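Here is a set of short exercises to work through with the viewer open. Try each task yourself before you read the solution.

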Amino acid sequence: ADDGVSASRRASHLNKPLKSCMTLARAFHSEWETVPLEKAVGRIAAGFISLYPPGSPIVAPGELFDETVIKRIEEYRKTGLNIQGVSEKDEIVVVAL
């Protein structure tokens, strides 16, 4: 039986802050490229990815994509939530290498 503690730990693990690798402004104004969401691990976001409504950011420019945030975005998509910043082809913009 789940006592709520392990569920709370799982939820907090999903909401851990992402590592910021460059300033928001530098990432936002950098050259960028489009990549499939599942190929974004280790890449730096060039744009916002947000749940809408209410427009809460999941990822901000300059943050490093990790497996946890990609899985979370995929789960949100599967449940039918509206996510801005991910194309209908499940592509996102990242800072060009």
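The exercises below concern a predicted model, and each task is followed by a worked solution.

**Exercise 1. Take stock of the chain.**
Task: Work out how many helices and strands the secondary structure of the chain comes to, and in what order the elements run from the N terminus on.

Solution:
- Step 1. Counting the elements gives 3 helices and 5 strands.
- Step 2. Reading from the N terminus, the order is α-α-β-β-β-α-β-β.
- Step 3. For the chain as a whole, 34% of the 97 residues count as buried. The accessible surface is about 6300 Å², with 54% of that belonging to carbon and sulfur atoms.
- Step 4. Now take the contacts between residues at least 6 apart in sequence: 63% of them join residues at least 24 apart.

**Exercise 2. Lay out the open sheet.**
Task: Find the order of the 3 strands in the open sheet, and explain why one side of strand 3 and of strand 4 is left without a neighbour in the sheet.

Solution:
- Step 1. The strand order is 3-2-4, and the pairing is antiparallel.
- Step 2. Strand 3 (56–59) and strand 4 (83–84) each have a single partner strand and stand at the edges, so each has one side with no neighbour in the sheet.
- Step 3. Between strand 2 (residues 49–51) and strand 4 there are 2 bridges. Across this pair, leucine 51 stands opposite isoleucine 83.
- Step 4. Helix 3 packs on the sheet and touches strand 2, strand 3 and strand 4. The direction of helix 3 makes about 130° with that of strand 3.

**Exercise 3. Follow helix 3 from end to end.**
Task: Identify which residue caps the N-terminal end of helix 3, and compare the reach of the helix with the expected value.

Solution:
- Step 1. The cap is aspartate 66, with a side-chain oxygen 3.2 Å from the backbone nitrogen of threonine 68.
- Step 2. Helix 3 spans residues 67–78, 12 residues in total. From first C-alpha to last it reaches 16 Å, close to the 16 Å expected at 1.5 Å a residue.
- Step 3. Its buried residues are Thr68, Val69, Ile70, Arg72 and Ile73.
- Step 4. After the helix comes glycine 80, which has a positive phi, near 90°.

**Exercise 4. Buried or exposed?**
Task: Decide whether serine 50, phenylalanine 65 and histidine 29 are buried or exposed, and describe the surroundings of each.

Solution:
- Step 1. Recall the cut-offs: buried is under 20% relative accessible area, exposed over 50%.
- Step 2. Serine 50 belongs to strand 2. Its relative accessibility is 8%, so serine 50 is buried. Setting aside residues up to four places away in sequence, serine 50 touches Gly55, Ser56, Pro57, Ile58, Asn82, Ile83 and Gln84.
- Step 3. Phenylalanine 65 sits in the loop between strand 3 and helix 3. With 2% relative accessibility, phenylalanine 65 is buried too. Beyond its neighbours within four places in sequence, its contacts include Ala40, Val41, Ile44, Ile49, Val59, Ile70, Ile92 and Val94. Arginine 43 is another contact of phenylalanine 65; the two are 22 residues apart in sequence, with their C-alpha atoms 5.7 Å apart.
- Step 4. Histidine 29 is found in the loop between helix 2 (24–28) and strand 1 (32–36). Its relative accessibility is 65%, so histidine 29 is exposed. From histidine 29 to proline 61 the C-alpha distance is 9.4 Å, with their positions 32 residues apart in sequence counted as separation.

Terms used:
Residues are numbered from 1 along each chain as its sequence is written. This is a predicted model: local features need pLDDT of at least 70, side-chain atom pairs count only at pLDDT 80 or more; totals for chains, interfaces and linings use all residues. Side-chain values use heavy atoms; hydrogens and water are left out. Helices (H or I, at least four residues) and strands (E, at least two) are DSSP runs, numbered from the N terminus. The expected span of a helix is 1.5 Å times one less than its number of residues. Buried means under 20% relative accessible area, exposed over 50%, partly exposed in between (1.4 Å probe, protein chains only). A polar contact is a pair of N or O atoms within 3.5 Å; within protein, one must be able to donate a hydrogen and the other to accept it, and residues adjacent in sequence count only if both atoms are side-chain atoms. Two strands pair if DSSP finds at least two bridges between them. Contact means heavy atoms within 4.5 Å. Axes are lines fitted to C-alpha atoms, for helices over the stretch in contact, and angles run from 0 to 180 degrees between N-to-C directions. Accessible areas come from the Shrake-Rupley method with a 1.4 Å probe; for residues, only the protein chains shown count as cover.
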